[in-house]
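Me: Could you take me through this structure bit by bit? I'll jump around a little.

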Amino acid sequence: MKLSQFKFKLPESQVALYPPHKTFENEDGTVERVYSRDQCRLMVVHRKSEKIEMFQKDAEGNDTEEYLTFRNLVDYFNEGDTFIFNDTAVFPARLYGTKEKTDAKIEVFLLRELNEELRLWDVLVEPARKIRIGNKLFFDGDGPMVAEVIDNTTSRGRTLRFLYDCPHDEFKRELFALGEAPLPRYIVDNRPAEEDDMENFQTVYAKSEGAVTAPATGLHFSKQLLKMMEIRGFNSAYVTLHCSLGAFDPIEVEDLTKHKMNSEQVIIQQEACDMVNAAKENGKNICAVGISTLRATESSVGTDGLLKEFNGWTNRFIFPPYDFGLSNRLLTNLYHPESTMMMATAAFGGYDLIYEAYNTAVKNGYMFGCYGDAMLILED
């Protein structure tokens, strides 16, 4: 397929800058937001019947004027159905420092630690033209955290060596204390990161540190909803894919077969395989929660359609047409035009149907992006 086939007009007002919330004004004039993870809208798309659901039903099964919310997803599943979650944990990857001598403000985005003993990190810097090998960056004013640029990796990429002599645990704690939630560019270009974002941009089941962006669909699950799912007899399996910025890289080729994704680390343990495979063999539904989960499982499913243990890296780029080997259902967010996430959604739901669903979402005021509304794709 071609890149241009994934264009559509998305109004800026429909890009979510905050999670679902209610706003209250205090007596002193300050504004307070009360967040509700599981109260975003939910669109349900049926692949075979090509039906798009947006509204809750009354007792007779007729549409009401009330939109479906994320909590309504439990009404589409049965006992024994299995959800696969990505349990990666986001760390506060965006820092701001100053360049020695000039005091120029520099954004440093931590990607991954290269060497624990030497305190080496792979990072992105902005503005990159000001940062050369040998430069030193100072963090937290006159604080002790200093980094030296020791290599150029890409146009914006650098290798930093942090000059901080202490036990590694203390170093990581002090480094992360300087950082903020690594919100996508389309959010931080419109408002600064806030204290609540580090909690809001983390799933409630996050466990394995290593992501520099959130597995966004998982952000909608509250502890209360997970408990409700447990009571109804749904199973929850956990895999790990450490989300990088690769999914946000602009695609610069019209022919999608020529686009290369960045590699991301995947860990799938036998416990998850046993749960998912037992459900599949018993004819139960398997629902991938988010595109990162879909990419992880499609990188480790066997020719027999069963999930295999995996510990390695994947650069799998999913776009139509694509034959899926494991999940028969997908939960995902609504994403930007020409994004890899939209393409994977179209591969799962069918290009024409998903394109129609996206246009319907725009017309009906759904919110897009990591903090936006959600879509459930069913096979019926």
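Me: Starting near the front of the chain, which residue is the bridge partner of Lys 22 in β2?
Reply: In this predicted model, Lys 22 is bridged to Val 34 of β2. That pair belongs to an antiparallel arrangement in which strand β1 (residues 21–25) and strand β2 (residues 31–35) are joined by five bridges.

Me: And what does Gly 29 do in that hairpin?
Reply: Five residues separate the two strands of the β1 and β2 hairpin, and there Gly 29 takes a positive phi near 90°.

Me: Zooming out, how many helices and strands does the chain have?
Reply: The chain contains eight helices and 21 strands. Its radius of gyration is 22 Å, close to the 21 Å that the globule rule gives for 380 residues, so the chain is as compact as a globular protein of that length. The C-alpha trace spans about 70 × 60 × 45 Å along its principal axes, and 53% of the 380 residues count as buried.

Me: What share of the contacts join residues at least 24 apart?
Reply: If one takes the contacts between residues at least 6 apart in sequence, 70% of them join residues at least 24 apart.

Me: Now the barrel: in what order do the strands close?
Reply: Six strands close into a barrel in the order β9-β10-β11-β14-β13-β12, with antiparallel pairing, and from one strand to the next the twist averages 45°. Within that barrel, strand β9 (residues 94–99) is joined by five bridges to strand β10 (residues 105–115), and one of the bridged pairs is Leu 95 with Val 108 of β10.

Me: Which strands does helix α1 lie across?
Reply: Helix α1 (residues 168–177) lies across β9, β10, β11 and β14 (157–162), and runs at about 150° to β10.

Me: Asp 122 caught my eye; where does it lie, and which side chain of opposite charge is nearest?
Reply: Asp 122 lies in strand β11 (residues 120–126). Asp 122 is buried yet has no salt bridge, and the nearest side chain of opposite charge is that of Arg 112, 4.2 Å away. The reason the pair does not count is the cut-off, because a salt bridge requires a side-chain nitrogen of Lys or Arg within 4 Å of a carboxyl oxygen of Asp or Glu.

Me: What else is Asp 122 in contact with?
Reply: Leaving aside neighbours within four places in sequence, the contacts of Asp 122 include Phe 109, Leu 110, Leu 111 and Leu 114, together with Thr 153 and Arg 158, and Arg 112 is also in contact with Asp 122.

Me: Changing topic, is Gly 80 buried or exposed?
Reply: Gly 80 is buried, with a relative accessible area of 15%, and its place is in the loop between β6 (63–67) and β7 (82–86). Not counting residues up to four places away in sequence, Gly 80 touches Gly 233, Asn 235, Ala 279 and Lys 284. By contrast, Glu 65 is 15 residues from Gly 80 along the chain, and their C-alpha atoms are separated by 31 Å.

Me: Last one: how many residues of helix α7 are buried?
Reply: In helix α7 (residues 340–349), 10 of the 10 residues are buried, so the helix is largely enclosed by the rest of the structure. The buried residues of α7, among them Met 341, Met 342, Met 343 and Phe 348, pack against α6 (291–298), β20 (329–333), α8 (351–363) and β21 (374–378).

Me: And what comes just after α7?
Reply: Just after α7 there is Gly 350, which takes a positive phi of about 100°.

Key: Residues are numbered from 1 along each chain as its sequence is written. This is a predicted model: local features need pLDDT of at least 70, side-chain atom pairs count only at pLDDT 80 or more; totals for chains, interfaces and linings use all residues. Side-chain values use heavy atoms; hydrogens and water are left out. Helices (H or I, at least four residues) and strands (E, at least two) are DSSP runs, numbered from the N terminus. Buried means under 20% relative accessible area, exposed over 50%, partly exposed in between (1.4 Å probe, protein chains only). Lys and Arg count as positive and Asp and Glu as negative; His and the chain ends are not counted. Contact means heavy atoms within 4.5 Å. Two strands pair if DSSP finds at least two bridges between them. Axes are lines fitted to C-alpha atoms, for helices over the stretch in contact, and angles run from 0 to 180 degrees between N-to-C directions. The radius of gyration is taken over C-alpha atoms; the globule rule is 2.2 Å times the number of residues to the power 0.38.
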